[in-house]
Amino acid sequence: MNMEIEEVMSYQALPLLSLNHVSLLVKDVWNSVRFYEDVLGFCLVKRPSSFNFHGAWLYNYGIGIHLLENKAMEDINHEPRPINPKDNHISFQCSDVDLVKRRLKEMGMRFVTAIVEEEGIKVDQVFFHDPDGYMIEMCNCENIPIVAISSSCPLKPKFGTPNYSCGFMETLMMENLSMYMLNFSF
């Protein structure tokens, strides 16, 4: 067993660019589509017509969500289970956690909140379930810097993101300046 691990570790990592999509089994595709459109702002996009199973593709924020209808999901007990931040979940970074909480309250959705603190820096988290019980997190996770533990594992910038060799705010300012300059007219 150790020999297999050593062999795998001697190879270079696969040539990844970014996370493309998350695929979820759902009991009712159109109910889930409405949730991901109305609550999270995803857009329904065309999926290959060669698929011979019921499903839908959604896209926004640089990520896709693929919904696959599975009638067997109807047999699973879907009583509301506790919202546990330590359970499997999909996390989305948001611009305003307080607005997220207000909107979820307005929609009558159950959610729990948590705060992560590291060296005086706080991250606010909001957790809730989609119609099939998959947990969603909304956070301001950009507050905590990502620091590699090992120098032998260099972090790569997100695919398609300009690498200004500076922090998040500086990058955002440069992008906003660039957009302003493109929109400037005489």
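**Notebook: salt bridges and a four-stranded sheet**

I started with the charged pairs and found that lysine 101 and aspartate 98 join their side chains in a salt bridge, 3.5 Å from N to O. This is a predicted model, so I'm reading computed values throughout. Both residues sit in helix 3 (residues 97-106), three residues apart, which is about one turn of the helix.

Next I checked how open this pair is. Lysine 101 comes out partly exposed at 24% relative accessibility, and aspartate 98 is partly exposed too, at 48%.

How many salt bridges does the count come to? I get two. Besides the helix 3 pair, I looked up glutamate 69 and lysine 71, whose side chains form a salt bridge at 3.4 Å, N to O. Glutamate 69 has a relative accessible area of 23%, so I noted it as partly exposed.

Then I moved on to the sheet. I traced an open sheet of four strands in the order 5-8-7-6, and the pairing is mixed. Which strands stand at the edges? I noted strand 5 (90-93) and strand 6 (112-118); each has a single partner strand, so one side of each has no neighbour in the sheet. On average, neighbouring strands here are turned by 25° against each other, ignoring direction.

I followed strand 6 to its partner: strand 6 and strand 7 (residues 121-129) pair antiparallel over seven bridges. For alanine 114, I found glutamine 125 as the bridge partner in strand 7.

Last, I went back to helix 3. I see helix 3 lying across strand 6, strand 7 and strand 8 (135-139), and running at about 20° to strand 7.

Notes:
Residues are numbered from 1 along each chain as its sequence is written. This is a predicted model: local features need pLDDT of at least 70, side-chain atom pairs count only at pLDDT 80 or more; totals for chains, interfaces and linings use all residues. Side-chain values use heavy atoms; hydrogens and water are left out. Buried means under 20% relative accessible area, exposed over 50%, partly exposed in between (1.4 Å probe, protein chains only). Helices (H or I, at least four residues) and strands (E, at least two) are DSSP runs, numbered from the N terminus. Two strands pair if DSSP finds at least two bridges between them. Axes are lines fitted to C-alpha atoms, for helices over the stretch in contact, and angles run from 0 to 180 degrees between N-to-C directions. Contact means heavy atoms within 4.5 Å.
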